[in-house]
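Me: Could you take a close look at a single part of this structure with me? I'm a first-year student, so plain words please.

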Amino acid sequence: MPKHAQKPVCILATGGTISMQKTAHGYAPMPGFLKNAMATIPELQNPDMPTYVIDEFEKPIDSANMTPEHWYRIGDYIKKNDGEYSGFVVLHGTDTMAYSASALSFMLENLKKPVILTGSQLPLFETRNDARENLINALWIAGNYVIPEVCVYFNTKLFRGNRVKKIDASSFSAFASPNFPTLGKIGTTIRIRQELLLKPSQNDLHLQKFQPIHAGILRIFPGMSLDMIQQMLQPPLQALVLQSYGVGTAPEDPHFLNLIEKAVSQGIVIVNCSQCSYAKVRMSDYAAGSALLDTGVISGADMTVEAALTKLFYLFSKKLPLDEIKHRMKLPLCGELTE
Ligand code: ASP
């Protein structure tokens, strides 16, 4: 569905490999580099391309340094400038892109236009790079299609942002969306799967600021120390993503289950997500999952850990009662889980 009345696309550069240069300490972001480099790419000057403006974080960062304050800065920028642009391309490091895309998908309530995160595995300055292709296609999609969601574009594929995982640290196919189909494929033609897209909301864009919360991720493994778990499940912990096995099983050891049950009874929200990338938690399939379910742990269904964690940030930030947080954790709010 190509767009009609055109407003420019805003490219917000936050850092990441795409904008990095070589330094004595390895690749590092260089303020101002991206804008200059983009001015030398002929395709970006072609009249067929959507018009765009570029803005950059004052101090672009390696995405390893991303924090919830950065997520908020990106969200706030989009909220404040929403009326000016037909869409946004957020240039971002790949390492924590899945967290930021998930966070933004919750934070930007009632989004009506594309917010597409992209980046690259090799910087734009390298002769051989994936930056150019990712940048051109993300810009093309943001300028030409009405996609009311936060997406990730990478290596010919458009993904729902809160479904992606970084799965490869060196291939150009850095991302996968294990539990949800890709929203679009870019080849000689562009195919956007309209039937999969979220329905645009009638309400105004609203930005939900994230409050700091005490959250954790616990990946269980055979032989884990119960003392360590006990240490972790102490105040001030408010929320935990428990990475279980398979479809949501965990040891039936009563000491372990007691620790979990006690934590739940003390008001810690525990969400069960699988260690398998391709999985949907169904705790009652096995006795070793039913026992966990009985402790009051909530199913994270087929959410990625990144989505589950940022959703906890989001719901706690709304200052909802615990029962309501638990209820909404099980519902798809913006396509992050399959019921
Ligand atoms: N370390 C980089 C980052 O996440 C990796 C990348 O962008 O691909 O900022």
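Reply: Start with strands β16 (residues 239-244) and β17 (residues 269-274), which pair in the parallel sense over 6 bridges. Keep in mind as you look that this is a predicted model. To see the pairing up close, find Ser244: across from Ser244, in β17, stands Ser274. In general, strands of a sheet are held together through backbone hydrogen bonds, and they can run either parallel or antiparallel.

Now zoom out a little. β16 and β17 belong to an open sheet of 4 strands, in the order β15-β16-β17-β18, and the pairing is parallel. At the edges you'll find β15 (215-219) and β18 (298-299), each of which pairs on one side only.

Then move along the chain to helix α9, which covers residues 305-317. α9 has 13 residues and reaches 18 Å from its first C-alpha to its last, close to the 18 Å expected at 1.5 Å a residue. Is α9 largely enclosed or open? Well, 13 of its 13 residues are buried, so α9 is largely enclosed by the rest of the structure. After α9 comes Lys319, and its phi is positive, near 55°.

While you have the model open, have a peek at the ligand too. Residues surrounding the ligand include Asp62, Ser63 and Thr94. Asp62 has a polar side-chain atom 3.0 Å from a nitrogen atom of the ligand, while a polar side-chain atom of Ser63 sits 2.5 Å from a ligand oxygen atom. The protein covers 90% of the 260 Å² of accessible area that the ligand has on its own.

Key. Residues are numbered from 1 along each chain as its sequence is written. This is a predicted model: local features need pLDDT of at least 70, side-chain atom pairs count only at pLDDT 80 or more; totals for chains, interfaces and linings use all residues. Side-chain values use heavy atoms; hydrogens and water are left out. Helices (H or I, at least four residues) and strands (E, at least two) are DSSP runs, numbered from the N terminus. The expected span of a helix is 1.5 Å times one less than its number of residues. Buried means under 20% relative accessible area, exposed over 50%, partly exposed in between (1.4 Å probe, protein chains only). A residue is near a molecule or strand if one of its heavy atoms lies within 4 Å of it. A polar contact is a pair of N or O atoms within 3.5 Å; within protein, one must be able to donate a hydrogen and the other to accept it, and residues adjacent in sequence count only if both atoms are side-chain atoms. Accessible areas come from the Shrake-Rupley method with a 1.4 Å probe; for residues, only the protein chains shown count as cover. Two strands pair if DSSP finds at least two bridges between them.
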